[in-house]
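Colleague: I'd like a close look at just one part of this model, the salt bridges. Please walk me through them, and then put them in the setting of the rest of the chain.

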Amino acid sequence: MREVTAALWERDVIPDFRNPDGLRIGLSPLSTSFAEVERGVEAVAEALRR
């Protein structure tokens with residue numbers, strides 16, 4: 001999961017790694033658009049497929 005975290009940082013998606021296999025993404029509802037959420041979720045899905 002650490003590799004996924006690193007790959008997401010490279011795509012400007014800022015996750016938080018939690019041992020042993022956790023990945024957390026926090027959203028700010030006032031400043032995060034739906035398009036940004038969609039892009040982030042797609043980046044997570046792609047990183048997990050690798």
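Modeller: Let's fix the term before anything else: a salt bridge here is a side-chain nitrogen of Lys or Arg within 4 Å of a carboxyl oxygen of Asp or Glu. The general idea is that side chains of opposite charge can pair when their charged atoms come close. Keep in mind that this is a predicted model, where local features need pLDDT of at least 70, side-chain atom pairs count only at pLDDT 80 or more, and totals for chains, interfaces and linings use all residues. Residues are numbered from 1 along each chain as its sequence is written, and side-chain values use heavy atoms, with hydrogens and water left out.

Searching the whole structure turns up four salt bridges. Among them is the pair of Glu46 and Arg50, whose closest N and O atoms sit 2.9 Å apart. Glu46 also bridges to Arg11, this time with 3.3 Å between the closest N and O atoms. That pair ties together parts that are 35 residues apart in sequence, because Glu46 lies in helix H2 (residues 34-49) while Arg11 lies in the loop between helix H1 (2-10) and strand E1 (16-18). For the record, helices (H or I, at least four residues) and strands (E, at least two) are DSSP runs, numbered from the N terminus. Put the pairs together and you get a network of salt bridges linking Arg11, Glu46 and Arg50.

How covered are these side chains? I call a residue buried under 20% relative accessible area, exposed over 50%, and partly exposed in between (1.4 Å probe, protein chains only). Glu46 comes out at 28%, so partly exposed. Arg11 is partly exposed too, at 37%. Arg50, with 74%, is exposed.

Another of the bridges joins Arg18 and Asp16, with the closest N and O atoms 2.8 Å apart. Both ends are partly exposed: Arg18 has a relative accessibility of 42%, and Asp16 has 27%.

Two backbone details are worth a look while you're in this region. Asp12 isn't a glycine, yet it has a positive phi of about 65°. Asp12 belongs to the loop between H1 and E1, and at 60% relative accessible area it is exposed. The other detail is the peptide bond between Asn19 and Pro20, which is cis, with omega about 0°. Pro20 is in the loop between E1 and strand E2 (22-24). As background, most residues other than glycine have a negative phi, and most peptide bonds are trans.

Phe17 is in strand E1 as well. Leaving out residues up to four places away in sequence, Phe17 touches Met1, Arg2, Thr5 and Gly22, where contact means heavy atoms within 4.5 Å. Thr5, from helix H1, is buried at 10% relative accessibility. With the same sequence neighbours left out, Thr5 touches Pro15, Phe17 and Leu23. Ala6 is also found in H1, and its relative accessible area of 40% makes it partly exposed. The C-alpha atoms of Ala6 and Ala47 are 9.6 Å apart, although 41 residues separate the two along the chain.

Now zoom out. The chain has two helices and two strands, and from the N terminus they run α-β-β-α. Of the contacts with a separation of 6 or more, 35% involve residues 24 or more positions apart. Buried residues make up 20% of the 50 residues. The C-alpha trace spans about 30 × 20 × 15 Å along its principal axes.

One last item on charge. The chain carries 7 positive and 9 negative side chains, and the centres of the two sets are 3 Å apart. In that count, Lys and Arg are positive and Asp and Glu negative, with His and the chain ends not counted; the place of a charge is NZ of Lys, CZ of Arg, CG of Asp or CD of Glu.
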